[in-house]
Amino acid sequence: MAELLAVLYARFLNVDPRRPDWPERDRFVLSKGHGAAAIYAVLAERGFFPRAWLETFYQNGSRLAGHVTHHSVPGVEVSTGSLGHGLSIATGMALAAKRDGAQHRVVVLLSDGECDEGSTWEPILFAQQHGLDNLLAIVDYNKIQSLGTVTEVMELEPFAAKWEAFGWAVREIDGHNIDEIETTLQAMPFEPGRPNCIIAHTVKGKGVSFMENDLLWHYRTPQGEEFEAALAELIRES
Amino acid sequence: MRTAFIETLFDLARNDQRIVLVTGDLGFGVVTRFQNELPKQFVNAGVAEQNMTGMAAGLALSGKIAFTYSIANFPVIRCLEQIRNDICYHNANVKIVAVGGGFAYGSLGMTHHATEDIAVMRALPNMKVLAPNDPAEARLATQAIVSTDGPCYLRLGRAGEPLVHHEEIKFEMGKSIMTREGSDLTLVVTGGLLNYALEAAAELSASGIEARVLSMHTVKPLDCEAVLAAAQETGAIVTIEEHSLIGGLGSAVAEFLADEYHAPVRLKRIGLPDMFSRKVGDQDYLRAEHGLDAAGIVSAVKDFRRFEFDAAMAGPNIAAPGSSRFA
């Protein structure tokens, strides 16, 4: 999801770090609230708050909790952390924009695991009924959830076909390909009158050989030598 | 109360485009005029209360005053986490409206008995909880929640409740309305039982007991001043609610007195025991079965008074009669 967030904030979302509450800004909702570290890093990089705050992440007395929180963190639209909430909130924002004739867009990033939640499918039904083509749902489809692979736990395939059957305009992309992410984002709305879905195929732990596709790293924090090795691989790749 | 609510909301919405009514596919014949005349301010979320509630948060975070509307437990407990995280944590300007508080949909069975809603809503930070006692209060409560920023829960009855306040009343969120003067004890009532409480007070008066009656239309924030005055001036308080004894008005009053009132006062809570009602019947029938009608209130108050007298004779260590009912 790092590439997705980087492209969204560097090249797509119309936001202004000097005016985080600017009414015409694009809205971004990170529904997979456990991805907090990534959004905080991107917001700091984009100038919403000092990079020094990142050093406090997860620590006692910090502003930056382990799941996304809007409280005291400029640039965060909504707090998340319980899965299956973000798409409804984003849908309400998109509906408000439509009713007001406003031009801003609403983007929400979901995990594949949270597509197990029934509450994710309620707004999927609603958004097509109301033709919310100003709404974009991106699914970080890394195919691993808390206790196993998506296929082992709760198969989502045929995944794109499901969204399409619910009336959404769907694009499938390589979620690590910067150019493909940008080109696809810029094509929004994919079809006027239909909500937009990007299924971003990703690899969990991408770029660190010993982390890729390993469930352990959903939970484990790299320390010492592991951290140095991971960093070295990421630097080498970039 | 339902009619008072929707008429008031319609009038307010006509002059305030921020108001959006989101229904969970309920309100047949009730929301029709609103839907037809204010289509841009009306949303049917379908039978999907979690999305209704999360969306309402999104609408509110975009500048709307969003009302979610459904019956009994559906807009409250079905979507509780959306209320807690999406609405309350963001202090979003969403008003949750439940028609059918208590046993209003009694005959429909347990699923439609809203008897723990006040407790659940009261526990959430930032949430205000209103349970008006008659259509006049429902009308004014609707106005009050529109003019108050932040999450509010409005628990309504259904249709056809008697008008209790025949004269103009001063309504303020968090301030009770003294409906009857009295100095022997105070009846504190919420959620539609005010007419029974007044009937009970009249009967008690015939037996020489003068009850003060407070309409506690707002359970949170509680009117602590009025409870304090009741404790000091009447020495005995009886709370009355069509709700579980756990966590509702009686609990709120008991909590306040335990924390803040450090003098003797006697308290009795009239409400529903910690069990599901398995009885089948309409609201009045179920109220009577559970001792929430005027006769039930009179008899509970007389027991309470008798105990007071016995206690004075026997000293402090006597158990309350009938306490097993609440065990």
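Two residues are in contact if their C-beta atoms, placed from the backbone, lie within 7 Å. The exercises below use this cut-off on a predicted model.

**Exercise 1. Overall build of chain B**

Task: Determine what share of the contacts in chain B with a separation of 6 or more comes from residues 24 or more positions apart, and describe how compact the chain is.

Solution:
1. Residues 24 or more positions apart supply 76% of the contacts in chain B with a separation of 6 or more.
2. Chain B contains 11 helices and 12 strands. Its radius of gyration is 20 Å, close to the 20 Å that the globule rule gives for 327 residues, so chain B is as compact as a globular protein of that length.
3. The C-alpha trace of chain B spans about 65 × 40 × 35 Å along its principal axes.
4. Buried residues make up 52% of the 327 residues of chain B.

**Exercise 2. The open sheet**

Task: Give the strand order of the 5-stranded open sheet in chain B, and name its edge strands.

Solution:
1. The order is β7-β9-β8-β11-β12 (chain B), with mixed pairing.
2. β7 (177-180) and β12 (266-272) of chain B each pair on one side only, which makes them the edge strands.
3. From one strand to the next, the twist averages 25 degrees.
4. Within this order, β8 (residues 185-189) and β11 (residues 236-244) of chain B pair in the parallel sense over 4 bridges. One residue to look at is B:Leu187, whose bridge partner in β11(B) is B:Val238.

**Exercise 3. Helices across the strands**

Task: Find which strands α7 (residues 194-206) of chain B lies across, then do the same for α9 (residues 249-260) of chain B.

Solution:
1. Helix α7 of chain B lies across β7, β8, β9 (211-215) and β11 of chain B, at about 175 degrees to β9(B).
2. Helix α9 of chain B lies across β8, β11 and β12 of chain B, at about 145 degrees to β11(B).
3. The 12 residues of α9(B) reach 16 Å from first C-alpha to last, close to the 16 Å expected at 1.5 Å a residue.
4. The buried residues of α9(B) are B:Leu249, B:Gly250, B:Ser251, B:Ala252 and B:Val253. Their packing partners in chain B include α5 (117-122), β10 (218-220) and α8 (224-234).

**Exercise 4. The contact between chains A and B**

Task: Count the residues that each chain brings to the contact, and say which element of chain A gives the largest share.

Solution:
1. Chain A brings 20 residues and chain B brings 22 residues.
2. On the side of chain A, α3 (86-100) and α4 (118-129) each supply at least two residues.
3. The largest share of that side, 10 residues, comes from α3(A).
4. Sorted by class, the side of chain A that touches chain B has 10 nonpolar, 8 polar and 2 charged residues.

Note on methods: Residues numbered from 1 in each chain as written. Chains lettered and ligands numbered in written order. Predicted model: local features only at pLDDT ≥ 70, side-chain atom pairs only at ≥ 80, totals over all residues. Rg over C-alpha atoms; globule rule 2.2 N^0.38 Å. Buried ≥ 20, exposed ≤ 12 C-beta atoms within 10 Å, placed from the backbone. Pairing = 2+ DSSP bridges. Axes fitted to C-alpha atoms, helices over the stretch in contact; angles between N-to-C directions. Expected span 1.5 Å × (residues − 1). Nonpolar A, V, L, I, M, F, W, Y, C, P; charged D, E, K, R; others polar.
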